[in-house]
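The following exercises are to be solved with the sequence and the coordinates at hand. Each task is followed by a worked solution.

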Amino acid sequence: MAFSSTDRAALRKRLLSWYRRHRRDLPWRREPDLYRVLLSEFMLQQTRVEQALPYFERFLKAFPDLRALAAAPAQEVLKLWEGLGYYRRARHLHETAKRLAPLKQVGVAELAECPGIGPYTHAAISSIVFGAALPVVDGNVNRVLARLLALAEPPESAKGRRAIRAAAAELLAPRAPGDFNQALMELGATVCLPRGPQCLLCPVQAWCRAKERGTPEAWPLKRPKPARPHKQIAAAIVRRRDGKILIAQRLSGALLGDLWEFPGGKREPGESLEAACAREVREELGVEVDVGAKVFEIEHGYSHFTITLHVFECAYRKGKPRALGCQAFAWIREDELSRYPFPKANHPIVAKLSGR
DNA sequence: TAGCCGTGGTG
DNA sequence: TCACCAAGGCT
């Protein structure tokens, strides 16, 4: 045990009391039913509250309950998710809704079977909605507990993960697991910040071994991360003589899965951007184009690499499009572009072409 | 275990 | 400018 039973009891009491006074007023906390909490937890995976908020409101308006979400077309769900990132979450959320909506009763066991619900999300929903005594471990909990314990290993390491899990389970308030879990996360999000922790405002500072050592921001210990490579990407605005543009839908499992894009891809060593552009259109859709002027150069970063996106105006020459390196394609007018979900890096192109 | 999967804010 | 990192899950 990392703490004595009297310390555990006092720490819980302080934390819960602090949470009940200081918690943020968030829409999914006003009526914490299964649907709202489920929706919020999917959106909050690796995503800040402020970024998820407008999406939560939009979803709740478009799909007021689990049944409405389950009945929606997949494309509509993805379009509403556009811009939020980690697009697999949209598909998993939709599949989870379709799985749960027909059930008379949903409980801890049913949640565990759903796609997109891992250990964190399962414990979060179960504790908040059903009052199940399951500890959550997320980025906030990792940081808060690593500091409380002055943990000697990075939380991502095997030893660190075990220690954090054990501490979270040990501290969990058995009679208010939902509030306790949210309190720990709220503390991490608003007080026990990655940089510049507000220790003087912290309700559990008396038990914090990192604060005791004098340099709380030195925890959690960091693991070196690999550098992000940079790639040169060519993309084509392929126009037919009637003015329509050729777009493609990306493969489901891939990066930006199920989203639509302007066809293109990575430049090979020694290849010109124009040649890469023509080659990628040929490989992806079986279409020959004449590459014209470059009209965009866009810098963009993803989670594990960065790109420069070079966009060329291209004239359609020949070949009937086929879905070779994509799952679907479409010839569309410029004013139809905004109906399709595009990755963020393509938004400047969509905005310009659709005249906004 | 470690790499893949987005986007936006921050210092 | 750039690294960091955020209510993680899947393979």
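**Exercise 1. What percentage of the 356 residues of chain A count as buried?**

Solution. The model is a predicted one.

Step 1. A residue counts as buried under 20% relative accessible area. By this criterion, 50% of the 356 residues of chain A are buried.

Step 2. Turn to the surface: chain A exposes about 17900 Å², of which carbon and sulfur atoms supply 52%.

Step 3. Add the architecture. Chain A comprises 15 helices and 7 strands, and its C-alpha atoms fill a box of roughly 80 × 50 × 35 Å along the principal axes.

Step 4. Consider the contacts in chain A between residues at least 6 apart in sequence: 67% of these join residues at least 24 apart.

**Exercise 2. Describe the protein surface near DNA strand C, and state which residues come nearest**.

Solution.

Step 1. List the neighbours. There are 28 residues around DNA strand C, and those that come nearest are Arg-88, Thr-121, Asp-138, Asn-140 and Arg-143.

Step 2. Sort the surface by class: 10 residues are nonpolar, 8 polar and 10 charged.

Step 3. Assign the secondary structure. At least two residues of this surface come from each of α2 (27–30), α7 (88–100), α9 (119–130), α10 (139–149) and α12 (177–190).

Step 4. Examine the strand itself. Sugar or phosphate accounts for 62% of the atoms of DNA strand C within 4 Å of the protein, and bases for the rest.

Step 5. Locate individual phosphate contacts. Polar backbone atoms of the protein lie 2.8 Å from a phosphate oxygen of DNA strand C at Gln-46 and 2.9 Å from a phosphate oxygen at Gly-118. At Asn-140, an N or O atom of the side chain is 2.4 Å from a phosphate oxygen of this strand.

**Exercise 3. Which residues come nearest to DNA strand B, and which of its atoms do they meet?**

Solution.

Step 1. Of the 22 residues around DNA strand B, the nearest are Tyr-86, Tyr-87, Arg-161, Leu-256 and Lys-344. The classes on this surface are 8 nonpolar, 9 polar and 5 charged residues.

Step 2. Of the atoms of DNA strand B within 4 Å of the protein, 62% are in sugar or phosphate, with the remainder in bases.

Step 3. Inspect the bases. A polar backbone atom of Leu-84 is 3.5 Å from a base nitrogen of DNA strand B, and a side-chain N or O atom of Tyr-86 is 3.1 Å from a base oxygen.

Step 4. Inspect the phosphates. A phosphate oxygen of DNA strand B lies 2.2 Å from a backbone N or O atom of Leu-256. Two or more residues of the surface near this strand are given by each of α11 (158–171) and β5 (288–301).

**Exercise 4. Are Ala-124 and Ser-127 buried or exposed?** **Identify their contacts as well.**

Solution.

Step 1. Ala-124 is placed in helix α9. Because its relative accessibility is 1%, Ala-124 counts as buried.

Step 2. Leaving out residues up to four places away in sequence, Ala-124 touches Glu-41 and Val-136. Its C-alpha atom is separated by 8.7 Å from that of Val-37, although the two residues are 87 apart along the chain.

Step 3. Ser-127 also lies in helix α9. Its relative accessible area is 2%, so Ser-127 is buried.

Step 4. With residues up to four places away again left out, Ser-127 touches Ala-132, Leu-134, Pro-177, Gly-178 and Asn-181. The side chains of Ser-127 and Asn-181 make a polar contact at 3.1 Å.

Conventions: Residues are numbered from 1 along each chain as its sequence is written. Chains are lettered from A and ligands numbered from 1 in the order in which they are written. This is a predicted model: local features need pLDDT of at least 70, side-chain atom pairs count only at pLDDT 80 or more; totals for chains, interfaces and linings use all residues. Side-chain values use heavy atoms; hydrogens and water are left out. A residue is near a molecule or strand if one of its heavy atoms lies within 4 Å of it. A polar contact is a pair of N or O atoms within 3.5 Å; within protein, one must be able to donate a hydrogen and the other to accept it, and residues adjacent in sequence count only if both atoms are side-chain atoms. Helices (H or I, at least four residues) and strands (E, at least two) are DSSP runs, numbered from the N terminus. Ala, Val, Leu, Ile, Met, Phe, Trp, Tyr, Cys and Pro count as nonpolar, Asp, Glu, Lys and Arg as charged, and the others, Gly among them, as polar. Buried means under 20% relative accessible area, exposed over 50%, partly exposed in between (1.4 Å probe, protein chains only). Contact means heavy atoms within 4.5 Å. Accessible areas come from the Shrake-Rupley method with a 1.4 Å probe; for residues, only the protein chains shown count as cover.
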